[in-house]
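Work through the exercises below with the structure open. Try each task before reading its solution.

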Amino acid sequence: PVNFSNAQSAYRNFNYFFNHRYKLGRDMERKAKNVFGEDSTYTEYVTIITLTHTFHAEDVARKYVEESMPMGFYANNYFSDNYTKDSTAYWSIANTFAITLDEEFNRLMRFGLSAYVKYDVRHYGMGIKNREDTVRFDNSYSHNLILGANLFKREGKWIKYDIDGRIYLIGPHIGEFDLDGRFDFDFRVGHEPLAIMAVAGFRNYSAYHQYRYYESNHFRWSDLDFNNSLALDIKGRISLPKRNISVGVQFQNLTNYVYLNEQCMPTQHDGNVQILAVDLLAKLRAWRFHLDVQAVYQLTGNKDVLPLPDVALYGNFYYKDKFFKVLTVQIGASVRYHTEYYGNAYMPALGQFYLQKEVLIGNYPEMNVYANFHLKTVRFFVQYYHLNKGLFGGTNYLSMPNYPINPGTFQFGLSWNFWE
């Protein structure tokens with residue numbers, strides 16, 4: 001059944017970037033061996049300090065229109081019983097100024113250091129209309145000053161790292177901060193290269209503006225006083241590059257997590273929610289046959305607040321070869337699967353997902369067969385999507401509650417670059 005026959009959502013998102021930099025440095029003498037193995041010197045210009053300015057403007061808007069409304073779908077109609085036209089808008093203008101001590105010049109300490117300050121203006125708008133005119137339109141503005149620093153080592157053979165920290169000094173988010181870091185290690189175990197990646201992050205942040213104040217034809221809330229949320233994220237990955245195999249683990253702890261409950265109202269969980277996930281990525285090959293596998297096993301500490309499937313799998317088995325030295329052909333089949341869980345439902349009037357405990361989704365494989373062709377600058381593919389519908393897997397083919405996966409469909413596409 002279809003609940004809405006005359007409703008639509010429209011989105012707009014524009015981003016504008018402008019970046020320029022000025023480098024200060026000097027010529028330095030370097031020592032090296034020439035082609036005859038003799039010591040020699042040469043002059044190289046080395047950047048010492050880089051001055052950077054970045055301008056970023058973002059403009060986002062959403063409009064939701066119902067020419068007619070189904071009976072009983074919405075609990076409330078605050079402004080009209082037969083027509084809805086809600087709109088939300090957000091724009092921001094940000095300028096960031098940075099000064100960077102270049103890593104290449106700092107030969108003694110072998111790291112780079114950057115400090116930056118960011119000033120932005122943000123606008124939030126909401127509008128409600130009936131068929132005649134605007135019923136209400138609200139605007140709010142905020143000014144924010146953010147101070148940050150970045151410590152990094154992006155050159156070198158064995159270890160690289162990037163540590164970044166930001167804190168709000170002025171504005172409604174004053175005192176909120178974000179600290180994250182990434183470390184990459186490259187080793188060799190015998191003749192086998194080994195890569196280790198470690199990432200950690202910690203955030204102190206307030207609830208989104210829309211979760212604190214919102215007004216529309218079907219939903220309204222205001223001045224919701226939420227405590228700041230905390231998020232700790234730790235993850236790591238071990239990879240065997242020659243074997244195309246890697247294993248990752250991720251742990252996340254959320255404190256004072258804010259979400260939409262079953263009534264589509266913003267709610268804050270008083271306590272902690274943990275997520276633990278382990279995943280495997282592998283690209284296996286035997287002759288011209290390939291098998292790409294992604295597997296995830298995850299646990300959530302509170303499925304009533306943050307539901308997740310226990311297992312998610314993706315497999316892609318294909319034959320790949322090159323004919324006549326120019327035509328690359330790939331023929332295969334792919335399948336996706338995850339275990340059952342109460343996945344979040346979609347609320348059209350909000351454009352957001354909310355908790356539900358009525359419809360289980362999952363425990364259904366989605367299978368496709370395809371053929372890809374690549375000839376110089378031309379790519380062409382044919383695919384039969386959702387091959388197994390009606391054949392095997394059952395009937396619970398939902399991508400989310402009340403939204404079924406598209407039925408079996410023949411698809412094709414062409415990409416042609418007119419340059420080499």
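How many salt bridges does the structure hold? The count is 13. The model is a predicted one, and every value below is computed from it.

**Exercise 1. Find the partner of E215 and classify both residues by burial.**

Step 1. Look for the contact. E215 pairs with R220 in a salt bridge. Their closest N and O atoms are 2.9 Å apart.

Step 2. Check E215. Its relative accessible area is 8%, so E215 is buried. The cut-off for buried is under 20%.

Step 3. Check R220. Its relative accessible area is 37%, so R220 is partly exposed.

Step 4. Look for a ring under R220. R220 lies over the face of Y78, at 4.6 Å from the ring centre. R220 therefore has two contacts to note: the salt bridge with E215 and the ring of Y78, a partly exposed arginine.

**Exercise 2. Examine the salt bridges of K303 and D304.**

Step 1. Start with K303. Its salt-bridge partner is D310, with the closest N and O atoms 3.1 Å apart.

Step 2. Classify the pair. K303 has 43% relative accessibility and counts as partly exposed. D310, at 27%, also counts as partly exposed.

Step 3. Move to D304. D304 bridges to K357, and the closest N and O atoms are 3.4 Å apart.

Step 4. Place this pair on the chain. D304 is in the loop between β16 and β17 (311–323). K357 is in the loop between β20 (352–354) and β21 (366–375). The two are 53 residues apart, and the pair links distant parts of the chain.

Step 5. Classify again. D304 is partly exposed at 48% relative accessibility. K357 is partly exposed at 39%.

Step 6. Add the network. D164, R166, D178 and D180 are joined into one network by salt bridges that share partners.

**Exercise 3. Count the aromatic pairs and work out the geometry of two of them.**

Step 1. Count. The whole structure has 23 aromatic pairs.

Step 2. Take F4 and F73. Their ring centres are 4.8 Å apart and their planes meet at 80°, so this pair is edge-to-face. The cut-off for that class is over 60 degrees.

Step 3. Locate them. F4 is in the segment before β1 (7–33). F73 is in the loop between β2 (39–66) and β3 (84–101). They are 69 residues apart.

Step 4. Check F73 at the surface. F73 counts as partly exposed, with 31% relative accessibility.

Step 5. Take Y346 and Y403. Their centres lie 6.2 Å apart and their planes are at 85°, so this pair is edge-to-face. Y346 is in strand β19 (residues 345–347), and Y403 is in strand β24 (residues 403–404). Y403 counts as partly exposed at 33%.

Step 6. Extend the first pair. Ring pairs link F4, F73, Y74 and F219 into a cluster.

**Exercise 4. Which strands each supply at least two residues of the nonpolar patch?**

Step 1. Define the patch. Its area is about 940 Å², and its residues include L179, F202, I234, F251, L280 and Y297.

Step 2. Assign strands. The answer is β11 (229–240), β12 (245–255), β15 (272–286) and β16 (289–300).

Step 3. Check one member. L280 is found in strand β15. At 35% relative accessibility, L280 counts as partly exposed.

**Exercise 5. Which ring lies under the charged end of R203?**

Solution. The ring belongs to Y205. The charged end of R203 sits 4.1 Å from the ring centre.

Methods:
Residues are numbered from 1 along each chain as its sequence is written. This is a predicted model: local features need pLDDT of at least 70, side-chain atom pairs count only at pLDDT 80 or more; totals for chains, interfaces and linings use all residues. Side-chain values use heavy atoms; hydrogens and water are left out. Patches are made of residues with over 30% relative accessible area and no salt bridge: like charges are joined within 9 Å, nonpolar side chains (Val, Leu, Ile, Met, Phe, Trp, Tyr) within 5 Å. Accessible areas come from the Shrake-Rupley method with a 1.4 Å probe; for residues, only the protein chains shown count as cover. A salt bridge is a side-chain nitrogen of Lys or Arg within 4 Å of a carboxyl oxygen of Asp or Glu. Helices (H or I, at least four residues) and strands (E, at least two) are DSSP runs, numbered from the N terminus. Buried means under 20% relative accessible area, exposed over 50%, partly exposed in between (1.4 Å probe, protein chains only). Rings of Phe, Tyr and Trp (its six-membered ring) pair if their centres lie within 6.5 Å; planes under 30 degrees apart count as stacked, over 60 as edge-to-face and the rest as tilted. A charge sits over a ring if NZ of Lys or CZ of Arg is within 6 Å of the ring centre and within 35 degrees of the ring normal.
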